[in-house]
Amino acid sequence: MGTDQHVSTAEPQQSSSDEPETALETARRQLARARSNLEIDDAIHERLRYPRAVHEVTVPLERDDGSVDVFTGYRAQHDSVRGPYKGGLRYHPEVTRDECVGLAMWMTWKCAVMDIPFGGAKGGVVVDPKSLSADEKERLTRRFMQEIRGVIGPTKDIPAPDMGTDPQTMAWLMDAYSMQEGETIPGVVTGKPPAIGGSKGRERAPGRSVAIVTRKTCEYFDYPLSETTVAVQGFGSVGANAARLLDEWGADVVAVSDVNGGIYDPDGLEVGAIPSHDEEPEAVTRYAEETDVSRLSNDELLELDVDVLVPAAVGNVLTEDNAAAVDADLVVEGANGPTTFAADAILEEREIPVVPDILANAGGVTVSYFEWLQDINRRRWSLERVHEELDSEMVTAWNAVREEVEQRDVTWRDGAYVVALSRIAEAHDIRGLWP
Ligand SMILES: NC(=O)C1=CN([C@@H]2O[C@H](COP(=O)(O)OP(=O)(O)OC[C@H]3O[C@@H](n4cnc5c(N)ncnc54)[C@H](OP(=O)(O)O)[C@@H]3O)[C@@H](O)[C@H]2O)C=CC1
Ligand SMILES: O=C(O)CCC(=O)C(=O)O
């Protein structure tokens with residue numbers, strides 16, 4: 001291990017009112033609010049406000065020109081009472097320690113909402129992946145695994161893709177880990193290419209679950225999909241796959257975007273014709289240059305008059321500054337943490353249902369769980385089986401949340417937190433509080 005920084009009891013710096021909430025602040029405020037809907041032991045609540053550990057490492061990288069740069073990496077492990085830590089690795093210039101902790105907390109709740117036997121973790125490297133050549137990305141990834149190998153393992157903590165990482169990144173991580181162990185250990189990461197033990201359907205699973213949850217929620221609120229308009233921010237693993245499936249199922253996807261901005265057609269876009277981020281980064285705006293489709297900014301996309309808004313790029317995009325201007329009837333969170341706590345309150349006041357990330361994008365970790373099962377059993381599942389089981393798990397979780405929403409007359413986020421926290425608190429209680 002490199003520099004191993006364990007958690008201190010100090011609270012993180014609170015951002016001032018004109019700074020955006022950090023993921024950790026949002027996660028903690030959501031947890032405090034969820035507590036008011038549940039009988040949950042004070043000690044368990046206090047424990048869940050903190051990660052078990054945050055590992056900080058430095059990762060030297062020899063550049064193609066022979067120079068050396070050193071990057072910072074993190075792995076935050078929040079809670080493992082229900083099973084090994086689980087969660088993605090992000091390569092992004094704005095990765096921070098607190099962001100990893102907040103995202104790790106959301107992974108704990110997400111696995112519990114889905115009733116998957118995993119806890120929550122998240123990590124990343126503070127780097128712009130677009131600034132790396134393929135060889136540099138491989139060297140950085142292998143060295144990062146070397147630095148965190150002591151805290152990772154198929155029954156300990158199992159990384160997966162997130163923003164800026166992909167199946168190839170997972171393949172390098174698995175290979176680096178396996179080479180040191182002296183045997184092939186596919187179960188150490190999920191989201192790998194199927195040729196080396198990855199599950200069919202994993203790459204598209206988070207987008208698929210967003211589409212399934214959107215369809216269920218539209219049915220519930222009486223919006224026939226064939227008459228529903230959808231705007232999707234972000235056209236990556238989550239956004240592009242959600243948009244394409246909703247389009248296939250009959251919805252009108254009227255706007256999509258990448259980091260540079262979006263495109264809009266009130267009659268519905270031909271989303272199948274636009275390459276996703278994995279196929280070609282920044283392709284949405286490039287597509288706009290080649291066609292006469294209307295352009296709009298990412299901020300304008302969030303305020304479009306549509307039936308469903310799916311923020312599926314970065315966190316903190318719906319804030320107290322723009323929540324009053326959101327003109328969608330429903331919000332389905334594809335990204336992790338796209339809605340700040342303050343924005344959530346405004347949307348609740350305006351009676352705009354927000355289906356939370358910990359339910360909507362949970363297809364990724366659910367198929368990761370299927371992958372892990374396939375790896376330890378050395379048995380492959382067909383794509384049809386993955387889709388059938390994912391559909392069934394998503395509908396079961398959506399129904400569990402809906403029941404809480406109806407019985408307690410709470411928001412969809414509150415309902416999801418009730419489902420998740422009751423399972424986690426029960427496990428802590430039975431195991432004896434401090435596992
Ligand atoms: N991958 C996974 O398994 C899962 C991911 N998530 C979450 O979903 C979100 C997106 O992840 P994922 O789809 O994997 O990421 P990708 O890296 O595959 O794609 C991200 C997309 O968002 C665009 N984008 C980047 N920055 C911005 C910005 N500031 N404003 C608008 N668009 C932007 C990118 O544009 P460009 O192409 O121009 O770079 C790209 O289209 C994240 O919050 C992630 O944590 C949740 C569950 C699972
Ligand atoms: O597949 C996984 O293990 C985790 C995916 C992830 O990071 C997420 O759901 O946010």
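This dialogue walks through the core, a ligand shell and an annotated lysine in a predicted model.

Colleague: Where do I start with the largest nonpolar core? Which residues touch the most other members?

Modeller: Begin with the residues that touch the most other members. Here they are Val113, Val256 and Leu359, out of 122 residues in that core. Then look for the main contributor. Helix α3, residues 97-113, gives the most, with 11 residues.

Colleague: Where does this core lie relative to domain 1 and domain 2?

Modeller: Check which domains supply residues. Domain 1 (51-186) and domain 2 (205-360) both do, so the core lies between them.

Colleague: Take valine 113. What is it in contact with, beyond its neighbours within four places in sequence?

Modeller: Skip those neighbours and list the rest. For valine 113 they are Ile358, Leu359, Ala362, Ala397, Val401, Ala416, Val419 and Ala420.

Colleague: Now ligand 2. How many residues surround it, and which are closest?

Modeller: Count the shell, then rank it. Ligand 2 has 13 surrounding residues, the closest being Gly88, Ala160, Gly364, Val365 and Ser368. Strand or helix next: β3 (85-92) and α12 (363-377) each supply at least two shell residues. By character, the shell splits into 8 polar, 3 charged and 2 nonpolar residues.

Colleague: Which residue does the UniProt annotation "active site" cover?

Modeller: Lys122, according to an unreviewed UniProt entry. Lysine 122 sits in strand β4, residues 120-126.

Colleague: Is lysine 122 buried or exposed?

Modeller: Count C-beta neighbours inside 10 Å. Lysine 122 has 32, so it counts as buried; the cut-off for buried is 20 or more. Its contacts beyond four places in sequence include Gly87, Gly88, Cys100 and Met107. Gly88 is also among the residues closest to ligand 2.

Technical notes
Residues numbered from 1 in each chain as written. Chains lettered and ligands numbered in written order. Predicted model: local features only at pLDDT ≥ 70, side-chain atom pairs only at ≥ 80, totals over all residues. Core = buried A, V, L, I, M, F, W, Y, C linked by C-beta atoms within 7 Å. Buried ≥ 20, exposed ≤ 12 C-beta atoms within 10 Å, placed from the backbone. Helix = DSSP H or I, 4+ residues; strand = E, 2+ residues; numbered from the N terminus. Domains from an automatic or database assignment. Contact = placed C-beta atoms within 7 Å. Near = placed C-beta within 6 Å. Nonpolar A, V, L, I, M, F, W, Y, C, P; charged D, E, K, R; others polar. UniProt positions renumbered as here; feature names shortened; annotations may be inferred.
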